[in-house]
Amino acid sequence: QTFHPGDLDYPNSAAMVSDVLQNRNLNVFRGGDPHDFLNRVDPRTGLNENEMFRGVHDYFGHSIRGNQFGPRGEEIAFGSHSQMYSPLARAAMASETRGQNSNVNYTPRNVGLQEEMLRLRNAKADARTPEAEADIDRQLRELGAQWEYADQSAVLLPPEMIDTGFEGGMPQYLRGLITPEAGSTVDNVPATHFSRAPGLLSEVDPAYFGAGHRGAEFSRVNSPGGIPRSYFYEGSRADVRPEPMVSLGATPYGAELSRLYDATKDPAGLVRLARVHASTPRTAKVNPGTFNATQFRNDLDRLVQEYGYSGLLGDWGHSGYASRPIAVFEPTPVRSLLDD
């Protein structure tokens, strides 16, 4: 292994695998912020434990199986590397690999770089000369060098997230501890819900989504990754013009909603993040240049919920109506508007 201060980074995972297989060498970054625990230095090599761990992970997690550096490759590398550890050691190893991957690739931390890299990869599909392709590759490497990583922190992930079979999502028992970033919520919003449920309701529960009118959203929400919700219209009863199929024979209910995420303003970058992950570059070998609208909406709903927002204030599917729809992911107290 060759440890370096950042000047021998590989341009891509294929170059790393080639170096390992052909030259029996692996370049490993040496440096970074000191780790709270993995900081002891081996007097023989001068390397600290975190640097040595990085080398082991790059070799056993990536090089042997040819796993890429991207989000999927890092997840596969976690599964490969974790087989080397005891259950207790795997808990620490998960934070350094799966935890880092989640922070770097699945939060808005690097969404601007992800968007620009997607744009360049699409432009590469139109490149007419080897020189043009080489220039785009150079720009992609420069963007990769700007990637921002999570701060070193000695934390353990919830036990569900250490299991290699974990499929994602925030455990229910942790959601109450997560609050949205200050200033990013829309609060005290008057809203109107229509229900065909018999009797008067005191609460609208997302668990009953689809019990009334089943619109186009019903199939998406009931697909893998969909999140149940209750739909409201933004505004008081006098201001709302509902879809006829929603309001016909239904009882109107009023509520005041808070902790909403406004998708049109996207203050935390969640819309941008969901959009870039649902986009396949035109240079891809599978489904090039496609945009998965179902994945985009399901990912956005999940992000909004897991960042601590109660619901999503959007602008989808309400063309011609006075009020925007609000998808609420939590049980919501309501009052009947029959007498208003």
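## Exercises on a predicted model

The axes of helix α2 (residues 49-63) and helix α3 (residues 71-82) come within 8 Å of each other and cross at roughly 100°. The structure is a predicted model, and the exercises below work from that helix pair to the sheet and then to a single residue.

**Exercise 1.** Classify how α2 is oriented relative to α3, and state which residues make the contact.

*Solution.* Begin with the crossing angle of the two axes, which is roughly 100°. Angles of 65 to 115 degrees count as roughly perpendicular, and therefore α2 is roughly perpendicular to α3. Next, list the residues on each side: α2 contributes Phe53, Val56, His57, Phe60, Gly61 and His62, while α3 contributes Gly73, Glu74, Ala77, Phe78, Ser80 and His81. Finally, sort these residues by class, which gives 5 nonpolar, 6 polar and 1 charged in the contact of α2 with α3.

**Exercise 2.** Determine the strand order of the open sheet of 7 strands, and explain why β7 and β11 are edge strands.

*Solution.* First, the chain as a whole holds 11 helices and 11 strands. In the open sheet, 7 strands follow the order β7-β8-β9-β5-β3-β6-β11, and their pairing is mixed. Then look at the two ends: β7 (260-262) and β11 (335-336) each have a single partner strand, so one side of each has no neighbour in the sheet. Within the sheet, take one pair as an example: strand β8 (residues 311-313) and strand β9 (residues 325-328) run antiparallel and are joined by 3 bridges, and Leu313 has Ile326 of β9 as its bridge partner. As a last step, add the helix that lies across β5 (230-234), β7 and β8, namely α11 (residues 293-306), which runs at about 120° to β8.

**Exercise 3.** Decide whether Ser310 is buried or exposed, and find its contacts beyond its neighbours within four places in sequence.

*Solution.* Locate the residue first: Ser310 sits in the loop between α11 and β8. Its relative accessible area is 6%, and because buried means under 20%, Ser310 is buried. Setting aside neighbours within four places in sequence, Ser310 touches Ser258, Arg259 and Leu260 as well as Ala327, Val328, Phe329 and Glu330.

**Exercise 4.** Place these details in the context of the whole chain by stating what share of its residues is buried and how far apart in sequence its contacts reach.

*Solution.* Of the 340 residues in the chain, 41% are buried. Among contacts between residues at least 6 apart in sequence, 67% join residues at least 24 apart. The accessible surface comes to about 18,900 Å², with 52% belonging to carbon and sulfur atoms.

Terms used: Residues are numbered from 1 along each chain as its sequence is written. This is a predicted model: local features need pLDDT of at least 70, side-chain atom pairs count only at pLDDT 80 or more; totals for chains, interfaces and linings use all residues. Side-chain values use heavy atoms; hydrogens and water are left out. Axes are lines fitted to C-alpha atoms, for helices over the stretch in contact, and angles run from 0 to 180 degrees between N-to-C directions. Helices (H or I, at least four residues) and strands (E, at least two) are DSSP runs, numbered from the N terminus. Angles under 35 degrees count as roughly parallel, over 145 as roughly antiparallel, 65 to 115 as roughly perpendicular and the rest as oblique. Contact means heavy atoms within 4.5 Å. Ala, Val, Leu, Ile, Met, Phe, Trp, Tyr, Cys and Pro count as nonpolar, Asp, Glu, Lys and Arg as charged, and the others, Gly among them, as polar. Buried means under 20% relative accessible area, exposed over 50%, partly exposed in between (1.4 Å probe, protein chains only). Accessible areas come from the Shrake-Rupley method with a 1.4 Å probe; for residues, only the protein chains shown count as cover. Two strands pair if DSSP finds at least two bridges between them.
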